[in-house]
Amino acid sequence: MKIKKGQKAKADPKLTGLSDWIEGTVIDIENNPFKGLVIAIKDQMGRIFFGEEKYFQFFSTNNSNACLQ
C-alpha cells in the first residue's frame, strides 16, 4: 500500500506511550536512510506522533460501503 499525506492511520501504543492506538492523519512521510520510512501523524487533539512505518496501521482511502454478508 502506498502511503500518502492526508491518509488516516493509527499509531501503536509502543510509539506513543499511551494505552490505546491513536488515530490521526498522515502529515509527513520521510525516507530516512537509516530508519526507512518515517511517518508523522496528527490526531484530533493536535498532537503529533512520528516514528518508523512498523508502528503504524494505515486505512485505505477508498471508503467502500460494500455489504460482506
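# Exercises on a predicted sheet structure

Asp43 is buried, with a relative accessible area of 9%, where buried means under 20% relative accessible area, exposed means over 50%, and partly exposed lies in between (1.4 Å probe, protein chains only). The model is a predicted one, in which local features need pLDDT of at least 70 and side-chain atom pairs count only at pLDDT 80 or more, while totals for chains, interfaces and linings use all residues. Residues are numbered from 1 along each chain as its sequence is written, and side-chain values use heavy atoms, with hydrogens and water left out.

## Exercise 1. The elements and the sheet

Task: Find out which elements the protein chain holds and in what order the strands lie in the sheet.

Solution. Begin with the secondary structure, which comes to 1 helix and 5 strands; helices (H or I, at least four residues) and strands (E, at least two) are DSSP runs, numbered from the N terminus. Read from the N terminus on, the elements follow one another as β-α-β-β-β-β.

Next, place the strands side by side: the 5 strands form an open sheet in the order β4-β3-β2-β1-β5, with antiparallel pairing. Two strands are said to pair if DSSP finds at least two bridges between them. The edge strands, each of which pairs on one side only, are β4 (48–52) and β5 (56–58). From one strand to the next the twist averages 40°, given that axes are lines fitted to C-alpha atoms, for helices over the stretch in contact, and that angles run from 0 to 180 degrees between N-to-C directions.

## Exercise 2. Strand β3 and its two partners

Task: Follow strand β3 and work out how many bridges join β2 to β3 and how many join β3 to β4.

Solution. Take β2 as the starting point: strand β2 (residues 22–32) and strand β3 (residues 36–43) run antiparallel and are joined by 8 bridges. Two of the places where these strands face each other can be named, since Gly24 stands opposite Asp43 in β3, and Asp28 stands opposite Ala40 in β3. The connection from β2 to β3 is a hairpin through 3 residues.

Now turn to β4, which runs antiparallel to β3 and is joined to β3 by 5 bridges. Ala40 stands opposite Phe50 in β4. The hairpin of β3 and β4 has 4 residues between the strands, and in this hairpin Gly46 takes a positive phi near 90°.

## Exercise 3. The surroundings of Asp43

Task: Determine which residues Asp43 touches and which residue shares a salt bridge with Asp43.

Solution. Asp43 is found in strand β3. If residues up to four places away in sequence are not counted, Asp43 touches Ile22, Glu23, Gly24 and Phe49, a contact being heavy atoms within 4.5 Å. The C-alpha atoms of Asp43 and Val26 are separated by 9.1 Å, although these residues stand 17 residues apart along the chain.

For the salt bridge, the partner of Asp43 is Arg47, with the closest N and O atoms 2.7 Å apart; a salt bridge is a side-chain nitrogen of Lys or Arg within 4 Å of a carboxyl oxygen of Asp or Glu. Arg47 is partly exposed, with a relative accessible area of 30%, whereas Asp43 counts as buried at 9%.

## Exercise 4. The salt-bridge network

Task: Establish how many salt bridges a search of the whole structure finds and which residues are linked in a network.

Solution. The search finds 3 salt bridges. In one of them, the side chains of Glu52 and Lys35 meet at 3.6 Å, N to O. Glu52 lies in strand β4 and Lys35 in the loop between β2 and β3, so this pair ties together parts that are 17 residues apart in sequence.

Then consider Lys54, which forms a salt bridge with Glu52, the closest N and O atoms being 4.0 Å apart. Lys35, Glu52 and Lys54 are thus linked in a network of salt bridges. As for accessibility, Glu52 counts as partly exposed at 23%, while Lys54 counts as exposed at 60%.
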